[in-house]
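Student: I should like to learn how sheets, helix packing and residue environments are read from a model. Could you take me through them in turn?

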Amino acid sequence: MTAMRERMLAGELYRADDPALFSDMNRAAALSHRLNTADPTDHALRRELLTELLGRFGAESEIRPPFRCDYGYQTFVGARTFANFGLISLDVATVTIGDDVQIGPNVQLLTAWHPVAAGPRRDKWEAASPIVIGDNVWLGGGVIVLPGVTIGDNTVVGAGSVVTRDLPPDVVAVGNPARVIREVEP
């Protein structure tokens, strides 16, 4: 591995203009393109492509195209998870999605962040923090999950919400930023 790829995988500041990272991004782009242009009734091919692209793609899971990711191998999807059209997994750091998760259309899982200081940002330094989505979570349409966030098991996040910090298990959260409004009813 190159130094920048090692830095990225360690969660440190790195520059994405590294040849090894460029190769990894090209691999993900090619597989994503094949997935996004495949016959929508060819479920076996879609599963094969997602299994090759992602770090893990659980049994009975489905991601409806279009799907976009940076690297693919940093995204881990549990069993029986469903993602509707337009999922973006900006997987510079790991994105871990549990079992039985429901993801609405146009959800964005964004691990990448950039320095606030102008100099390092201008010099193209960036980093990322992992996202973890627990089991049996429901993310409504258009939800955005920001870097470093963990969403607890059984939690529901309302459509259009922006999740800026961790959410505990068994709650309903809505808004920008997403705030807990109640517990999930048994």
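The dialogue below treats the sheets, then a helix pair, then two single residues.

Tutor: This is a predicted model, in which local features need pLDDT of at least 70 and side-chain atom pairs count only at pLDDT 80 or more, while totals for chains, interfaces and linings use all residues. Residues are numbered from 1 along each chain as its sequence is written, and side-chain values use heavy atoms, with hydrogens and water left out.

Student: What is the strand order of the open sheet of seven strands?

Tutor: Strands of a sheet pair through backbone hydrogen bonds, either parallel or antiparallel. Here the order is S3-S6-S9-S14-S17-S19-S20, and the pairing is mixed. Helices (H or I, at least four residues) and strands (E, at least two) are DSSP runs, numbered from the N terminus; two strands pair if DSSP finds at least two bridges between them.

Student: Which strands stand at the edges of this sheet?

Tutor: Strand S3 (62-63) and strand S20 (179-183) do; each has a single partner strand, so one side of each is left without a neighbour in the sheet.

Student: Which pairs illustrate the parallel sense, and through how many bridges?

Tutor: Strand S6 (residues 82-83) runs parallel to strand S9 (residues 102-103), with two bridges joining them; Phe 82 has Gln 102 of S9 as its bridge partner. Two bridges also link strand S17 (residues 156-157) to strand S19 (residues 171-174) in the parallel sense, and there Val 156 stands opposite Val 172.

Student: In which sense do S19 and S20 pair, parallel or antiparallel?

Tutor: They are antiparallel, with four bridges, and Glu 183 in S20 is the bridge partner of Val 171. S19 and S20 form a hairpin with four residues between them, and Gly 175 in the turn has a positive phi of about 105°.

Student: What is the order of the open sheet of five strands?

Tutor: That sheet has the order S4-S7-S10-S15-S18, with parallel pairing. Its edge strands are strand S4 (67-69) and strand S18 (162-163), each of which pairs on one side only. S4 and S7 are joined by three bridges, and Phe 67 is partnered by Leu 87 in S7.

Student: How are helices H2 and H3 arranged relative to each other?

Tutor: Two packed helices are described by the angle between their axes and the distance between the axes. The axes of helix H2 (residues 19-37) and helix H3 (residues 43-53) come within 9 Å and cross at roughly 165°. H2 and H3 are therefore roughly antiparallel (an angle over 145 degrees). Axes are lines fitted to C-alpha atoms, for helices over the stretch in contact, and angles run from 0 to 180 degrees between N-to-C directions.

Student: Which residues make the contact?

Tutor: Contact means heavy atoms within 4.5 Å. Among those involved are Ala 28, Leu 31 and Leu 35 of H2, and Leu 45, Leu 49 and Leu 53 of H3.

Student: Is Asn 84 buried or exposed, and what about Thr 2?

Tutor: Buried means under 20% relative accessible area, exposed over 50%, and partly exposed in between (1.4 Å probe, protein chains only). Asn 84, in the loop between S6 and strand S7 (87-90), counts as buried at 17% relative accessibility. Not counting residues up to four places away in sequence, Asn 84 touches Arg 64, Ile 103, Gly 104 and Pro 105. Thr 2, in the segment before helix H1 (3-9), is partly exposed, with a relative accessible area of 26%. With residues up to four places away in sequence again not counted, Thr 2 touches Asp 18 and Ala 20.

Definitions and conventions. Parallel < 35°, antiparallel > 145°, perpendicular 65-115°, else oblique.
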